[in-house]
Amino acid sequence: MTALTNTPSENLLYIYGYDSDKNEVSVNKPSENLLYTYSLETEKEKVVVNPPSIHFFLEKDLIPGKQWEMEFPKPKSDGYIFIPRQVADSVPFSSNKFPAILTLLSVESKSQKAQQLKDTLKHCDNPTGAGEVRACATSLEAMIDFAIQRLGKNIQAVSTESEKYTKLQNFTKVVSCHHMDYPYAVFFCHDVEGARAYAVPLQGTRGTKVKAVAVCHTNTTTWNPEHLSFKVLKVKPGGEPVCHFLPQHNILWTARPHLAMTASGF
């Protein structure tokens, strides 16, 4: 993950925290500190950080009273356009079929949309990492099937949502599905060994409540030492668990019994 730009962001940053005495979130004034925009794998997947970054955080910092500077960018669309599985399975979905895909979807080869498709296909064709089981789901049915395969039939989906509130919860067995740039709904789903997740109640300076889903990676031994999270958190591969919040329109699948568990020690 490399920084492509260091142009200051104009987005308003919020400070979030949880008030342990009142059992509610605390609110502070907007930060006036300079923001920097870092790019993930495609131009549209932006992570706004203010070094030291709060997009990444250590699991030990997920405690009542903790305040963070962060933001949850509003999705550019209100949902996904799923196509039926039968149709999705009949459409080629591989980098080596890229020209045919552009023709079939009526996308100009030199357009930005074509580049986004190419990036998504490349990501989905990448080999599986150590301790990871992955799949790119091109239909809702395929995504649910993958979650059931990894978690069992009794599952439920949770996601980061604005204007929602929740008690702090933990999930010990999860599948994360990330929304990809594509003309119809495609999700990159993976089950990563040693990952656990939390639903975290947050509130911003303007009073906006957020049910934020955080994923913590307990085994970073095989991660690239140059990974941005290590730089901003000042830790090394194989060290303390590294966590991040899931953007809106990403989905976390978890075994249903875990949803009723209240996180202990917080």
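**Exercise 1. Determine how many bridges join β7 to β12, and place this pair within its sheet.**

Solution. Begin with the pair itself: β7 and β12 run antiparallel and are joined by 6 bridges, where strands are DSSP runs of E with at least two residues, and helices are runs of H or I with at least four residues, both numbered from the N terminus. Two strands count as paired if DSSP finds at least two bridges between them. In general, strands of a sheet pair through backbone hydrogen bonds, either parallel or antiparallel.

Next, widen the view to the open sheet, whose 5 strands have the order β7-β12-β11-β16-β8 with antiparallel pairing. Its edge strands are β7 and β8 (155–158), each of which pairs on one side only, and the twist from one strand to the next averages 20 degrees. For such angles, axes are lines fitted to C-alpha atoms, for helices over the stretch in contact, and the angles run from 0 to 180 degrees between N-to-C directions.

Finally, add the helix: α4 (residues 140–151) packs on the sheet and touches β7, β8, β11, β12 and β16 (251–255), its direction making about 35 degrees with that of β16. Contact here means heavy atoms within 4.5 Å.

The model is a predicted one, in which local features need pLDDT of at least 70 and side-chain atom pairs count only at pLDDT 80 or more, whereas totals for chains, interfaces and linings use all residues. Residues are numbered from 1 along each chain as its sequence is written, and side-chain values use heavy atoms, with hydrogens and water left out.

**Exercise 2. Follow Cys136 from its place in the sheet to its disulfide partner, and state the handedness of the link.**

Solution. Start in the sheet, where Cys136 stands opposite Phe188 in β12. Then turn to the sulfur atoms: Cys124 and Cys136 form a disulfide (a pair of cysteine sulfur atoms within 2.5 Å), with these atoms 1.9 Å apart. This pair links distant parts of the chain, since Cys124 lies in helix α3 (residues 112–125) and Cys136 in strand β7 (residues 132–137), 12 residues apart. The torsion about the S-S bond is about -85 degrees, so the disulfide of Cys124 and Cys136 is left-handed.

As a last step, compare accessibility with the cut-offs (buried under 20% relative accessible area, exposed over 50%, partly exposed in between, with a 1.4 Å probe and protein chains only). Cys124 is buried at 17%, whereas Cys136, at 22%, counts as partly exposed.

**Exercise 3. Find which other cysteines form disulfides, and describe the pattern of the links along the chain.**

Solution. A search of the whole structure finds 3 disulfides. One of them joins Cys177 and Cys189, whose sulfur atoms are 2.1 Å apart; here Cys177 belongs to strand β11 (residues 174–179) and Cys189 to strand β12 (residues 187–192), 12 residues apart. With 115 degrees about the S-S bond, this link is right-handed. Cys177 is buried, with a relative accessible area of 1%, and Cys189 is buried at 0%.

Another joins Cys216 and Cys243, with the sulfur atoms 2.0 Å apart, and its torsion of about 105 degrees about the S-S bond makes the disulfide right-handed. Cys216 and Cys243 are both buried.

To finish, count the bonded cysteines along the chain, which gives the pattern 1-2, 3-4, 5-6.
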